[in-house]
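Trainee: I would like to go through this chain with you, starting with its charged side chains. Could we look at it together?

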Amino acid sequence: MASEWEELEKLSKDELIIELVKSRRAMRNMCRLLDEISKDGASHYLYDRGERPSEEWLSKIVSYA
């Protein structure tokens, strides 16, 4: 299995630029999100549909707790 660096060495210049742009965009989005979380609190960003786990998982969770 090739390392990440070995995989990147195989890419063309254009493909490397695309990877760089994707990484920079992801980093900006993560920084923006962390900034918003620090201002608004994490609970604002936690998404819960109110779904319950299956009985099997619920049993496992209770046993673990």
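Trainee: Is E7 buried, exposed or partly exposed?

Mentor: This is a predicted model, and in it E7 is partly exposed, because its relative accessible area is 39%, between the 20% and 50% limits.

Trainee: Which side chain does E7 meet in a salt bridge?

Mentor: The partner of E7 is K10, with an N to O distance of 3.7 Å. K10 itself counts as exposed, because its relative accessibility is 61%.

Trainee: How many salt bridges are there in total?

Mentor: The count comes to four. The pair of E7 and K10 is one of them. Another joins K39 to D35, whose closest N and O atoms are 3.1 Å apart.

Trainee: Where do K39 and D35 lie?

Mentor: Both are in helix α2, four residues apart, which is about one turn of the helix.

Trainee: Why does that spacing suit a contact between side chains that point the same way?

Mentor: An α-helix has 3.6 residues a turn, so residues three or four places apart point the same way.

Trainee: And how accessible are K39 and D35?

Mentor: K39 counts as exposed, because its relative accessibility is 62%. D35 has a relative accessible area of 37% and is therefore partly exposed.

Trainee: Which residues make the salt bridge in helix α3?

Mentor: E56 and K60 do, with 3.4 Å from N to O. They too are four residues apart, about one turn, in helix α3, which covers residues 55–64. E56 is exposed, because its relative accessible area is 52%, whereas K60, at 42%, counts as partly exposed.

Trainee: Changing topic to the overall fold: how many helices and strands does the chain have?

Mentor: The chain has three helices and zero strands, and along the sequence the pattern reads α-α-α.

Trainee: What share of the residues is buried?

Mentor: Buried residues make up 0% of the 65 residues in the chain. The accessible surface comes to about 6,600 Å², and carbon and sulfur atoms account for 57% of that area.

Trainee: Back to α2. What span would one expect from its 28 residues, and what does the model show?

Mentor: At 1.5 Å a residue, α2 should span 40 Å, and its end C-alpha atoms are 40 Å apart, so the model agrees with the expectation.

Trainee: What follows that helix?

Mentor: G41 follows α2, and its phi is positive, near 95°.

Trainee: Now surface patches. Which residues form the positive one?

Mentor: R24, R25, R28 and R32 form the positive surface patch. Of these, R24 lies in helix α2, which covers residues 13–40.

Trainee: Is R24 buried or exposed?

Mentor: R24 counts as exposed, because its relative accessibility is 52%, above the 50% limit.

Trainee: And which residues make the nonpolar patch?

Mentor: M27, M30 and L34 make that patch, with an area of about 300 Å². M27 is also found in helix α2.

Trainee: How does M27 rate for accessibility?

Mentor: M27 has a relative accessibility of 46%, so M27 counts as partly exposed.

Trainee: To recap α2, what should I keep in mind?

Mentor: Helix α2 contains the salt-bridged residues K39 and D35, R24 from the positive patch and M27 from the nonpolar patch.

Notes:
Residues numbered from 1 in each chain as written. Predicted model: local features only at pLDDT ≥ 70, side-chain atom pairs only at ≥ 80, totals over all residues. Heavy atoms only, no water. Patch = residues over 30% accessible without salt bridge, like charges linked within 9 Å, V, L, I, M, F, W, Y side chains within 5 Å. Areas by Shrake-Rupley, 256 points an atom, 1.4 Å probe, with all protein chains shown as cover. Lys, Arg positive; Asp, Glu negative; His and termini not counted. Charge placed at Lys NZ, Arg CZ, Asp CG, Glu CD. Helix = DSSP H or I, 4+ residues; strand = E, 2+ residues; numbered from the N terminus. Buried < 20%, exposed > 50% of the residue type's maximum accessible area, 1.4 Å probe, protein only. Expected span 1.5 Å × (residues − 1).
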